Amino acid sequence: MENSKRHPMAGSITGEYFVSDDGSVRVPALMTRPAAFPKVREDLVAYTWNDSDFLLASYPKNGTNFIWEIMTMLVKGSANYANIVKGALMIDIFPIGESSQLFPSPRVLNTHYRTDVLPQEFRKGKTVAILRNPKDVCVSWYYDMKNLASINSQSHLFEDMNFSQYLPRFLHDKDAPYGTYFDFVEYMWSLRNNSNILIVFYEDLKLDPLATIQKLNEFMETNRSIDLIQQIAEATSFDKMKEGKLLLSLSKDLIKLEHADNEKGHSLLKQLKTRMGHIYRKGGIGDWKNHFTVAANKKFDDFLRQWEGGKSIPFKY
Ligand code: A3P
């Protein structure tokens with residue numbers, strides 16, 4: 001692949017790939033701690049699916065945190081924010097054997113892999129896939145990658161990459177972390193008529209949260225009241241959720257803060273706010289319009305026109 005299309009984090013940090021049954025799909029295994037990967041894989045292969053759990057399958061930056069919080073609230077029957085971090089139930093990074101002991105079912109397991117590269121057991125439970133328009137995903141992923149660059153040894157090249165340089169890499173490099181967005185979407189969309197799959201669009205959650213949460217409630221058979229659904233919609237609106245999750249993570253660290261002098265407390269607060277800022281950036285629809293030049297937009301649209309498998313997907317821009 002020519003260099004201008006090669007993703008700075010192309011390939012697998014672990015040297016491992018998740019591969020579909022017939023070997024035709026290979027998705028790089030992305031891990032921030034490669035040493036933990038053998039245990040992650042071993043646990044996944046040994047796992048027996050528990051029908052009281054749900055799986056959330058999302059490509060990065062599609063609103064994973066947003067919908068995970070909503071699904072967890074539906075499972076718990078409460079509009080309080082989850083007091084565990086999503087990452088603890090992320091089967092890609094945290095060994096599921098350990099998470100099962102620490103955080104028993106029912107729960108919302110989550111993954112950034114398309115489900116055909118996961119062991120069979122992870123393809124039979126109730127699964128929600130969230131999709132978002134690819135232009136906003138591209139912008140959101142670009143910023144997240146830049147932030148990840150500071151913690152990921154392979155991604156230092158990202159620090160100097162501007163958005164126009166990133167865009168062709170998002171479109172073309174199948175060896176990018178988690179593969180290309182287009183392959184992910186096309187596969188998950190092909191499952192849309194399976195009775196154990198629900199596809200939700202990020203934009204619908206934003207534009208009509210009540211109806212979309214109700215759809216989740218029905219699919220998950222959680223039987224929550226309209227009143228609770230209303231409370232969940234309010235609690236997970238962007239500004240409230242950003243603030244609420246920050247306060248929650250702060251409360252865990254308050255004990256530390258109490259004993260810290262002002263300077264340390266201040267720096268901890270700053271760190272937490274930065275972390276939150278990475279996950280809860282703008283939370284809107286159409287930020288791509290602030291980043292795409294006319295030429296870049298044309299290139300993207302040309303690409304979308306040639307993407308046969310994406311033609312029937314009703315993205316909202
Ligand atoms: P932006 O970068 O466009 O702001 P993920 O959780 O998959 O990493 O996705 C992150 C994206 O979802 C970010 O998009 C983030 O702001 C947005 N997001 C997170 N929580 C949200 C919420 N409660 N409402 C709307 N968008 C949310």
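These legends go with a set of close-up views of one predicted model.

**View 1. The ligand sits in a shell of 18 residues.**
Start with the residues that come closest: T64, S140, R281, K282 and G283. Sort the shell by class and you get six nonpolar, seven polar and five charged residues. Three helices, namely helix 2 (64-76), helix 7 (202-207) and helix 10 (238-259), chip in with at least two shell residues each. Helix 2 gives the most, with three.

**View 2. Polar atoms around the ligand, pair by pair.**
Zoom in on the ligand's nitrogen and oxygen atoms here. On the side-chain front, an N or O atom of Y202 lies 2.7 Å from a ligand nitrogen. The backbone joins in too: a polar backbone atom of T236 is 2.8 Å from a nitrogen of the ligand, and one of G63 is 3.1 Å from a ligand oxygen. As for cover, the ligand on its own would expose 570 Å², and the protein buries 97% of that.

**View 3. Strand 5 (residues 127-131) is mostly covered, with partners in strands 3 and 6.**
How many of the five residues in strand 5 are buried? The count is five of five. Side chains in a regular strand alternate between the two faces of the sheet. Here, T127, A129 and L131 point one way, while V128 and I130 point the other. Strand 3 (residues 54-58) pairs with strand 5 in the parallel sense, over four bridges, and you can pick out L56 opposite V128. Strand 6 (residues 197-201) also runs parallel to strand 5, with five bridges between them; look for I130 and its bridge partner V200.

**View 4. V200 of strand 6 and the residues it touches.**
Is V200 buried or exposed? V200 has a relative accessibility of 2%, so it counts as buried. Setting aside its neighbours within four places in sequence, V200 is in contact with I67, V128, A129, I130, L131, L205, T212 and L216. R132 is worth finding as well: its C-alpha atom is 8.8 Å from that of V200, although 68 residues separate the two along the chain.

**View 5. Helix 6 (residues 181-190) is tucked into the structure.**
Seven of its 10 residues are buried, so helix 6 is largely enclosed by the rest of the structure. The buried ones are Y181, F182, F184, V185, Y187, M188 and W189.

**View 6. Backbone oddities in three loops.**
Most residues other than glycine have a negative phi, and most peptide bonds are trans. The exceptions shown here are worth a look. S105 and P106 are joined by a cis peptide bond, with omega at about 0°; P106 belongs to the loop between helix 3 (96-102) and strand 4 (108-111). K61 is not a glycine, yet its phi is positive, about 75°. You'll find K61 in the loop between strand 3 and helix 2, and its relative accessibility of 16% means that it counts as buried. N223, also not a glycine, has a positive phi of about 50° and sits in the loop between helix 8 (209-220) and helix 9 (226-235). With a relative accessible area of 68%, N223 is exposed.

Terms used. Residues numbered from 1 in each chain as written. Predicted model: local features only at pLDDT ≥ 70, side-chain atom pairs only at ≥ 80, totals over all residues. Heavy atoms only, no water. Near = heavy atom within 4 Å. Polar contact = N/O pair within 3.5 Å; in protein donor to acceptor, adjacent residues only side chain to side chain. Areas by Shrake-Rupley, 256 points an atom, 1.4 Å probe, with all protein chains shown as cover. Nonpolar A, V, L, I, M, F, W, Y, C, P; charged D, E, K, R; others polar. Buried < 20%, exposed > 50% of the residue type's maximum accessible area, 1.4 Å probe, protein only. Pairing = 2+ DSSP bridges. Contact = heavy atoms within 4.5 Å.
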